[in-house]
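Trainee: I would like to go through this model and ask what stands behind each term. Can we start with how the chain is divided?

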Number of protein chains: 4
Amino acid sequence: MNSVNQYSFRDDYSEGAHPRILEAIARYNNGQVEGYGMDPYCQEAIRLIRQETGAMKAAVHFVSGGTQANLLILSAILRPYEAVIAAGSAHISVHETGSIEATGHKIILIDTETGKLTPHLIAPILDRHQDEHRVKPKAVFISQTTECGTIYTKTELENLSRYCRKNDLWLYVDGARLGAALTSPSNDLSLQDLAQMVDVFYIGGTKNGALFGEAIVITNEALQSNFRYIMKQKGGLLAKSRFFGIQFTEMFRDGLYYELGQHANFCARELSEGLQVAGYTFDRPPASNQLFPVFPDQVIEELQNKYTFHIWGPCNKSESVVRLVTSWATSTSAIHAFLASL
Amino acid sequence: MNSVNQYSFRDDYSEGAHPRILEAIARYNNGQVEGYGMDPYCQEAIRLIRQETGAMKAAVHFVSGGTQANLLILSAILRPYEAVIAAGSAHISVHETGSIEATGHKIILIDTETGKLTPHLIAPILDRHQDEHRVKPKAVFISQTTECGTIYTKTELENLSRYCRKNDLWLYVDGARLGAALTSPSNDLSLQDLAQMVDVFYIGGTKNGALFGEAIVITNEALQSNFRYIMKQKGGLLAKSRFFGIQFTEMFRDGLYYELGQHANFCARELSEGLQVAGYTFDRPPASNQLFPVFPDQVIEELQNKYTFHIWGPCNKSESVVRLVTSWATSTSAIHAFLASL
Amino acid sequence: MNSVNQYSFRDDYSEGAHPRILEAIARYNNGQVEGYGMDPYCQEAIRLIRQETGAMKAAVHFVSGGTQANLLILSAILRPYEAVIAAGSAHISVHETGSIEATGHKIILIDTETGKLTPHLIAPILDRHQDEHRVKPKAVFISQTTECGTIYTKTELENLSRYCRKNDLWLYVDGARLGAALTSPSNDLSLQDLAQMVDVFYIGGTKNGALFGEAIVITNEALQSNFRYIMKQKGGLLAKSRFFGIQFTEMFRDGLYYELGQHANFCARELSEGLQVAGYTFDRPPASNQLFPVFPDQVIEELQNKYTFHIWGPCNKSESVVRLVTSWATSTSAIHAFLASL
Amino acid sequence: MNSVNQYSFRDDYSEGAHPRILEAIARYNNGQVEGYGMDPYCQEAIRLIRQETGAMKAAVHFVSGGTQANLLILSAILRPYEAVIAAGSAHISVHETGSIEATGHKIILIDTETGKLTPHLIAPILDRHQDEHRVKPKAVFISQTTECGTIYTKTELENLSRYCRKNDLWLYVDGARLGAALTSPSNDLSLQDLAQMVDVFYIGGTKNGALFGEAIVITNEALQSNFRYIMKQKGGLLAKSRFFGIQFTEMFRDGLYYELGQHANFCARELSEGLQVAGYTFDRPPASNQLFPVFPDQVIEELQNKYTFHIWGPCNKSESVVRLVTSWATSTSAIHAFLASL
C-alpha cells in the first residue's frame, strides 16, 4: 500500500470501482436469480455488448480477470500441439507466470519495437514451422492497447486480420485496456471494426472502473461451442454471475465504459503535454493511458518520495524509462502536482 | 431465472450478497491501494482469520470461487504422479468438469453412504497402491458439510486426521458450506479444531452471503511456499483484491459469518421439522442447510409450480428424493408457505 | 528376475522377442533410411496392416508401448473437457499411473463383472452428464482381450459400436493382447470386423513376440489429422523407426502374428483343461491366455517355490484367485510340470 | 528414404544399429526375466554406467528416445510454476513440438551465437524474474554437443555449474550426442567431470549406434525419488527393458561407446579438413560430428543430386550454410567421394 502521502501512477487497478458500478450492484442485489451466467443481468449485458460490437451472433462470457480470460480462450481454441504467436512484450508471456504453457501450449515470441505484430514479422515463423517436429502456429495474440502503450490503427489491424485469415490463424485481442484504446485521441478503430476483424477478444472491466470482470466476446462461430465447459473446468465460472451482468450492463447502457476511458486518456494527455513542455522525452510516443517518459535517475529518486510508479528500465548511465499510468479515477490535481514537482 | 411466482430452494448462491457486505464495500471503495492481495483490507482479513482459526502461522489467500480453490490447492500440494482420494459424491469429481484431472491428477473414488470418508474406507486403497504402475495416493479430500448434507463430528475428523498423518496423506477440507457446518445444531467441531486437524481448507464465502470469494487457509507450513505463483498461473489472483479483504473482514470482525450460517440452519430446521410433522421421511437425516426429503412424485409435480429445487433421484416407482437448500437469505414465510402447500 | 529354478506364468512380456523378429532386424539393419516413420520398412508394414484389417484408408503409426499408445490416442481424440468411459478394471485406470489424467482427461469408471462394457452400462452415464458442470463423455475405452481375460464377441462389439455411433462417442480398443483375442478358440470376431466397428485401436506387439512396439490403427478419418504432432510432442516418435517397420512386416507378411497368438491360446487351454481335470474352478471362465483359477492358499504357497504368478485377490478365508498367463514362448513341458506339481 | 544413388549426411540416426549391439541382443534374447527395468541386464548396465561416470549413487533409467528423456526429466524436477532456461537453438524449444510446454512449463530462451549458455547470459533472466507474476527460473538446459555442433569446455561447464549451484538452479545436460562430444579432438571434459558438475544428464544411444535408447543419469540425490512413476505415467517405461540393458552393457563393457564416437569425429575431421583445403569456410568452427560449412547455392544444388543434408539457412544472396553430419557408420570412401565431387 502507498504511504499516506504517496500518489500512485503505477497501474489502473489500484483504485476501487466507479460509484455507478457500486450503485447498480446495490440496486439489483436482492432477490433470487439463477447463477453461473444464466441470470437476467448477464443476459442483458450480453444483449448490450452484442449491440455495441455489432456482433449479433457473438458468444459473450464473463470472467473475473485478464489472466483467466487469456488462458481460457487460448486453451479453448488451440489443439494440444498448436501454439500462439505473440510479441516478446506480451502480457501472456511476461507477466502471467507461464499460464499459457501451464495449459500445454507454447508461445512463439517475436521481438518488436512497439509491442505490435505485423504480417511481415509473423511470416518467417510460418515459414519455419512446417512439420511435426515443431509446434503448429495457430493463433496470434495481440493486445489493444499493447503492453507498450501503443495502439493498432484500423489499417494495421485490417492487414493483420487479412493475413491471419489467409493463413488459417485465429486472431485474438487481449482488451484489458480496450477502454483506453477505443477512446485514445489517436485511435481510428471502432469496437465494431475490431469485432469484425478478429475471432475473439475481451473487453476489460477491471482496468476501466469495474469492481472486477472481463467480457469475453467470441465472434467466430466456429470457436463458440462448449466454451462454458472450459470456463467451469478452469475455475472461471462464477456462481453469483449477476454481479458480472450488473456491472457490464451499467458500463454499456449509456456509454459509461467510454467515459471512463476518455477520462484516463484526458489525464494522460495532460500529463504528457506537461512533460513535453518541461522538456522531457518519451521512450515511445504517448498514445494512451500508459506513458513511458525518460527521467534522469536523480529526478526519479526525488519523485519516489511522493509518487509510486514502475521503473521500466535503464536508458543510459544516468537516465531511465518510467511507466506512468492514468485511470478513470486519476485526479487532474494529482497530475498538476506531479508536473509541478519536476 | 425463476418465474415471478416461484421461490427457490435450489441452492445457496441464487441470492445476492448480504447488505452489510455491500455496505462495507461501498465504505472502503475509494482510494488507491496495492492489488493482488497486498492491500491492507486483505491483511486485516488475514489477521482476523488467523485469530478465528487459532492458526496464527497459517497462509491465507482469497480466490473467487470453490472450483478455483479446489484446483489451486490440489495442484499445489500434489506431485504429478500423486492422486487425491475422495468420496464418490465429492464435488471435485462430480460437479467440477474434470478440473482436478485437467491439472493432471487422478481422483481415486470411494463409494460411501453418507458422503463421509473414514480410515477404514481409505485403508484398502493404500494397500492396493504400492508401486509405480499405479498413482501414489497423497491427499484426502473431504467437504464440510458434505455434498450429502452430512457433517463430520469432532471424533470422526480426529480419527481421519490421525490416520492421514500416520500415512503421510495431506488432509484437505472443501469448506464451501463451512458456515452451515460450524453452526449446525448437530455440530461439535470448532473452526479451531478443524484448523488443527487438517493441512489446508477453505472458508466458503459465496454460499454464505458474500458477493463472491473463498478464503484458503494453509495451516501446514510445508505446503505454504510459492502458492501465489500457482494462483497467478491459473488465473486465480484477483487484481482488485481489496474486495476480498473487505468482505472477509466484515464477515469475521463481529461474527457475521456465523450469524448467516445460523440463519440457514434455523430455516432448515423449521423446514425439516415441518416436513416430519407432515409425515415425510428423509433419505438421510437432516444435519445442515441441505435437506433430502422423500416426496411422492405427484407432490413434486405440484410443488414445481411454485418452487424450484433439485430432484436428486428416484427412490422407488412413485417417490423421489429432492434436495431443499436454505441460505442466509431464506425467508421463514417462504418456508411456512412451502409447508402449507404440501 | 526369477531365481534359477522358477518358471514364470506372471505375464506375457517377460520373454524376449521371437527369433524371426530378430532375424528380420539383422537382415534389414544396414544402410541409410529416413527416420521417424518415413522409412520404407514402416511403409511396407503399414501396407500389410491396411490389407490385413481391410481398412485401406487407415492411418497407421508405431509406438514403443501400450501406455504410450493409450495416452497418445486419447489425448489426440478428446477435447480438454471431454472424458473417456472405461470399465473399473481398465488398464488405463488401474495400471498406468494416471497417464490419462496426466493429459488432462477424466476416466469415468463403470463397475463390471467381466471387464466388458455394454450399452446398458454406459447409458446411465450419458444420462447424468448433461451440462458444463460435468465432463462430457466422448470416448469409450475397451480392451480386447480385457484385463479379466474375457473377449468381446462379434455381437457384443456390434452392439457397442452401434451405440457409440448413435451417441457420438468414439470407440477405442486397446489391443495389447489382440493377438491372443483373435486366435482364442472362443473368438468369432475377425480383425476386419473389429476395424470396421471401431474408430481407433492398436495391435499389440510387445505381448505377442515383438522386441517392442504397438501399431496404432486410426480407421476413422476424422481422427487422423496431425497425429504425428501428438506423437512427437509426447516423446512417442522413434528416430530409428525402421525397427518398428521391420518387426510388423515380419509379423504380418505370412501370419506369424496369429501363430504366436495361437500358441499362447493352445498353452492356456492345456493349462485350463488340466486344472479342470484336477478339480479346480475358475473365477471367470477361461477364454484367452490369461487364466484366473481359484487355489487354496496352501497350494499357492507351495507353487510359489517353483513358479511366479500374480495373486489376484482373496476369494474367501482359505482360497485366492491367481492369474496365470501363457505366451508365444510358453513351453508345454512347463505346463505339464506345473499341473503335475499340483 | 534416399534414392539409390544418394548418400546421406543429414543426421546420425538414419543408420541401423551397430552389429555388436544386434549380436548382444540375439545372445541374451532367450529366457524369462522381469520387465520394466528390473531385469539383470539393466542392473548390469546401471552398474557399468555408475562406474564409468564415477557417480556411484546415481539413479540410472533407460528410455527410448531423446524427446522422451527431456520431457521426463524436466517435468520431474520442476514444480508447476517453475521454468527452464535454454539457448534459443535448444532442441527442446525448436524441434520437440512443444513437449516441455505440454508438460506445463515455460522455456525461457536466450539468444546465443554458439548454442552455449554462460552465467553472464543467464544472470539478467534471474534479475527479471523476482515475483509471482513471472515464472520462477529453476533449471538450466544445455546440450553437449550443442545443436550448433559446439562443445562446452571443462572450464565453461565448471563456471556454469558453479553459477547454477549458487543460484539454486538445476543443471541438466541433453547428451543425445554425448558420444561425439566426449571423443571430440577439442574436448577436455571427461564423463566423470560432467557427472560431478551437473544434476542430471542423459547418455544418448540412438545417435551413437544403438538400436534405440538413452540412459538417464540422475546424480543429484534430491532429484531421484519416484522418477519411475513419472516414466510410467508418460509412457516411458518399456516392458521388455532387457533390450535397454543389453545394449548399454555392450556399449560400456569395453569402450564401444567411445569407439563409435571417435569414428564419427574422425570422419568429421576428414571432411572438414578436406573442405578447408578446397577453400570453403565454416559458419562456426568444426568441433564435433556436425559441420556447418558455407557453400555457394549453385554447389548445393549440384550436391543434392548425390547427397542429402540439411540446408541450415542462407548466408547471403548466393551462399548458404549447410549441415553435414557424420556418424559411427559413415564410410570414409563416402567422404572422399563427397570431397571429390566439389
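Mentor: Yes. This is a predicted model. The domain assignment splits chain A into domain 1 (19-254) and domain 2 (257-341). Their C-alpha centres lie 27 Å apart.

Trainee: What does UniProt list for chain A?

Mentor: An unreviewed entry gives residues 19-292 as "domain: Aromatic amino acid beta-eliminating lyase/threonine aldolase". That span is 43% helix and 15% strand. Its end C-alpha atoms are 29 Å apart.

Trainee: How do you know how much area domain 1 of chain A and domain 2 of chain A bury between them?

Mentor: Take the accessible area that the two parts lose on being put together, summed over both. For these domains that comes to about 1,900 Å², with 53% on carbon and sulfur atoms. On the domain 1 side, A:Arg177, A:Thr183 and A:Asn208 lose the most area to domain 2, together 26% of what that side buries.

Trainee: How many residues of each domain are in contact?

Mentor: Domain 1 of chain A brings 24 residues and domain 2 of chain A brings 16.

Trainee: What holds across that interface by the rules, salt bridges or polar contacts?

Mentor: The count of salt bridges between the two domains is zero. The rule does find 13 residue pairs in polar contact, both residues at pLDDT 80 or more. On the domain 1 side, helix H8 (178-182), strand S7 (200-204) and H11 of chain A each give two or more residues. H8(A) has the largest share, four residues. By class, that side has 10 nonpolar, 11 polar and three charged residues.

Trainee: Now the chains. Why is the pair A:Glu132 and C:Arg228 called a salt bridge?

Mentor: The cut-off is 4 Å between a side-chain nitrogen of Lys or Arg and a carboxyl oxygen of Asp or Glu. The closest N and O atoms of A:Glu132 and C:Arg228 are 2.5 Å apart, so the pair meets the rule. Across the interface of chain A and chain C, the rule finds two salt bridges.

Trainee: And what makes A:Glu34 and B:Arg10 a salt bridge?

Mentor: The same test. Their closest N and O atoms are 3.8 Å apart. The limit is 4 Å, so this pair is called a salt bridge too. The interface of chain A and chain B has two salt bridges by the rule. It also has 24 residue pairs in polar contact, both at pLDDT 80 or more. By class, the side of chain A that touches chain B has 21 nonpolar, 19 polar and eight charged residues.

Trainee: How much area do chain A and chain B bury between them?

Mentor: About 4,200 Å², 54% of it on carbon and sulfur atoms. The contact takes 48 residues from each of chain A and chain B.

Trainee: Which residues of chain A supply the most area against chain C?

Mentor: Chain A and chain C bury about 2,000 Å², and carbon and sulfur atoms give 52%. A:Tyr81, A:Glu132 and A:Tyr229 supply 37% of what chain A buries there, more than any other three residues. The contact involves 23 residues of chain A and 23 residues of chain C.

Trainee: How many polar contacts are there between chain A and chain C, and which helix gives the most residues?

Mentor: Eight residue pairs are in polar contact, both at pLDDT 80 or more. Helix H3 (66-77) and helix H10 (227-233) of chain A each supply at least two residues to the side touching chain C. H10(A) gives the most, five residues.

Technical notes. Residues numbered from 1 in each chain as written. Chains lettered and ligands numbered in written order. Predicted model: local features only at pLDDT ≥ 70, side-chain atom pairs only at ≥ 80, totals over all residues. Heavy atoms only, no water. Contact = heavy atoms within 4.5 Å. Buried area = accessible area lost by both parts, 1.4 Å probe. Polar contact = N/O pair within 3.5 Å; in protein donor to acceptor, adjacent residues only side chain to side chain. Nonpolar A, V, L, I, M, F, W, Y, C, P; charged D, E, K, R; others polar. UniProt positions renumbered as here; feature names shortened; annotations may be inferred. Domains from an automatic or database assignment.
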